[in-house]
Amino acid sequence: MASKVSIISTCTVKAAGRSQHHPDNCKIIELTPWDIYELQIEYFQIGLLFLMPTFEQVRDLSKTTNTSSLIDHLRVSLSRTLDFFPPFCGLLEAAPEEKSGTTSFFVNCNNVGVQFNHAIADGVTVGDIMESNLVPHVVHDFFPLSGVQNTEATSQPFLAVQVTELVDGIFIGCASNHALVDGTSFWHFYNSWAEISSGLNVISKIPYLKREFPFKIDHFSDRISIPNERINSGDKFIPAALQMLREKVLHFSKENVSKLKAKTNHEMNTSKISSLQAVVTHVWLSVIRCRRLDHSEETTFEVSIDMRRKRLNPPLPEGFFGNAIYPAPTTIKTGELLEHGFGWAALQINKTIASHDHEKLKCIYENWMNDPEVPKLGDLPSNYFMLNGSPQFDFYKYDFGWGQPIAHRSGVGNMLDGKITVSPGLEEGSMILEICLSSETIQALEEDIIFGEFVNTTPIVGVERTIRARI
């Protein structure tokens, strides 16, 4: 499908200045190692698809913001929401230090605002998006700031929103700076915007804006400086075969998720392996099998550990807003992976995650502070898989005032061969994975009998069935 998206208008939206719920000490926010680690990747792009509201719904919503259209209503409700999330309206400040040859970064919450685009996808319907298990290329144009690196927030907004009108739907897509927030914090904001849009004056969960870092490390109170040779190289991550990559949408029913979890735990005589670990291992093992690699080659599966769920001492405050994730890779030779099989591979991911307790993480960050690295996606080896998102992001409950979303999609930000974005499925207990792969690997997966036993690789028949599942 050729791109049919036209930008109708672009404006800057600032915080309305009506709320007193954020503390005065959030004018300047120092970056933690969690934030700095994300500086040299791109903005992440995610959004939700909604059915088009009725005239009556738009009329009722507009009364709450004294506006005359859905787009104006969303713009005004966004402004009011930003009162609770002032960091999004700030800029990244870079402070070079000539003597040491380093640069430090911090967030200036100066309310310069966020970007707000209104777009129209001419002739594109909800069915075009929902009835294909290959993400149509037109979806990439539902997102702003494609290809923008997080370090560019010195001149680009931390957040950009695009509301795209389809023939029969609305897509609300966002590009968010990963050096400012992770997925948990982003969805906290997105849900809060939905609450304000639907008529609330105060959001249900106030964010904790002060940066916290639970590991007691010498000199951490100082602003962290990064050697200049490790940043600002001007190089952007552009995969050589970007045009050849496609995003496949994989649907795992509640029943198949349960089967995979039971299978992998039974094989290893344990009960420790989670549903998510079982599902992603099934995908990982299947892709490696389909690629027919030399068995001496290595493959890595990276899972982001959410520090909010770890038993840290002290724990992070409720509503912590920022980054609180650590990338934990599991690296195995492909021959060993295929020889030991499904249950063993899932257990390796489980062990990697479990091994990262408070003391190990503290040691990792102590070493990092002595020699801070800021990685780039372009430095990753081949056969690298990176898991994003979570089935616990319950965004199907987010209602802007005209009904719940019917689908989640992500953009091209940080696209690489092996990127996996997981989200909850429409059925409780089910999962949806968007995986970025070459066309050849996707075709091989579709023909793989073992893989297909647990996953729906054919397009959903009828949008109506999906919509009814959410009503």
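**Exercise 1.** Determine whether Asn269 is buried or exposed, and describe its backbone and its place in the chain.

*Solution.* With a relative accessible area of 74%, Asn269 is exposed; the classes are buried for under 20% relative accessible area, exposed for over 50%, and partly exposed in between, calculated with a 1.4 Å probe on protein chains only. Residues are numbered from 1 along each chain as its sequence is written, and the model is predicted, so that local features need pLDDT of at least 70 and side-chain atom pairs count only at pLDDT 80 or more, whereas totals for chains, interfaces and linings use all residues. Side-chain values use heavy atoms, with hydrogens and water left out.

The next step is the backbone: although Asn269 is not a glycine, its phi is positive, at about 50°. As to its place, Asn269 lies in the loop that links H6 to helix H7 (275-291), where helices (H or I, at least four residues) and strands (E, at least two) are DSSP runs numbered from the N terminus.

Asn66 can be treated in the same steps. Its phi is near 55°, a positive value in a residue other than glycine, its place is in the loop between helix H2 (55-65) and H3, and with a relative accessible area of 74% Asn66 is exposed.

**Exercise 2.** Work out the strand order of the open six-stranded sheet and identify its edge strands.

*Solution.* The order of the six strands is E1-E6-E7-E8-E3-E14, and their pairing is mixed; two strands pair if DSSP finds at least two bridges between them. Strand E1 (5-13) and strand E14 (407-410) are the edges, each pairing on one side only. From one strand to the next, the twist averages 20°.

Individual pairings can then be followed through the sheet. Strand E7 (residues 159-165) runs antiparallel to strand E8 (residues 169-176), and seven bridges join the two; within this pairing, Val161 has Cys174 of E8 as its bridge partner. E8 also pairs with E3 in the antiparallel sense, over eight bridges, with Leu48 opposite Ile172 in E8. E3 in turn is joined to E14 by four bridges, again antiparallel, and here Leu49 stands opposite Ala407 in E14.

**Exercise 3.** Explain why E3 counts as largely enclosed, and find which helices lie on the sheet.

*Solution.* Seven of the eight residues of E3 are buried, so the strand is largely enclosed by the rest of the structure. Helix H5 (residues 183-197) lies across strand E3 (44-51), E7, E8 and E14, and runs at about 30° to E3. Helix H3 (residues 70-82) also packs on the sheet, touching E1, strand E6 (114-121), E7 and E8, and its direction makes about 155° with that of E6. Axes are lines fitted to C-alpha atoms, for helices over the stretch in contact, and angles run from 0 to 180 degrees between N-to-C directions; contact itself means heavy atoms within 4.5 Å.

**Exercise 4.** Establish what surrounds Gly169 in strand E8, and whether this residue is buried or exposed.

*Solution.* Gly169 is found in strand E8, and its relative accessible area of 0% makes it buried. Not counting residues up to four places away in sequence, Gly169 touches Phe50, Leu51, Met52, Val126 and Thr164. Its C-alpha atom is separated by 13 Å from that of Val58, which is 111 residues away along the chain.

**Exercise 5.** Find how many disulfides the structure contains, and examine Cys174.

*Solution.* A search of the whole structure, in which a disulfide is a pair of cysteine sulfur atoms within 2.5 Å, finds zero disulfides. Cys174 is in none, and the nearest cysteine sulfur, that of Cys89, is 13 Å away. Cys174 is buried, with a relative accessible area of 0%, whereas Cys363 is partly exposed, at 40%.

**Exercise 6.** Describe how H6 and H9 meet, and which residues form their contact.

*Solution.* The axes of helix H6 (residues 254-267) and helix H9 (residues 342-355) come within 8 Å and cross at roughly 90°. The two helices are therefore roughly perpendicular to each other, on a scale where angles under 35 degrees count as roughly parallel, over 145 as roughly antiparallel, 65 to 115 as roughly perpendicular and the rest as oblique. Leu260, Lys263, Thr264 and Glu267 in H6 meet Phe342, Gly343 and Ala346 in H9. The residues of this contact divide into three nonpolar, two polar and two charged; Ala, Val, Leu, Ile, Met, Phe, Trp, Tyr, Cys and Pro count as nonpolar, Asp, Glu, Lys and Arg as charged, and the others, Gly among them, as polar.
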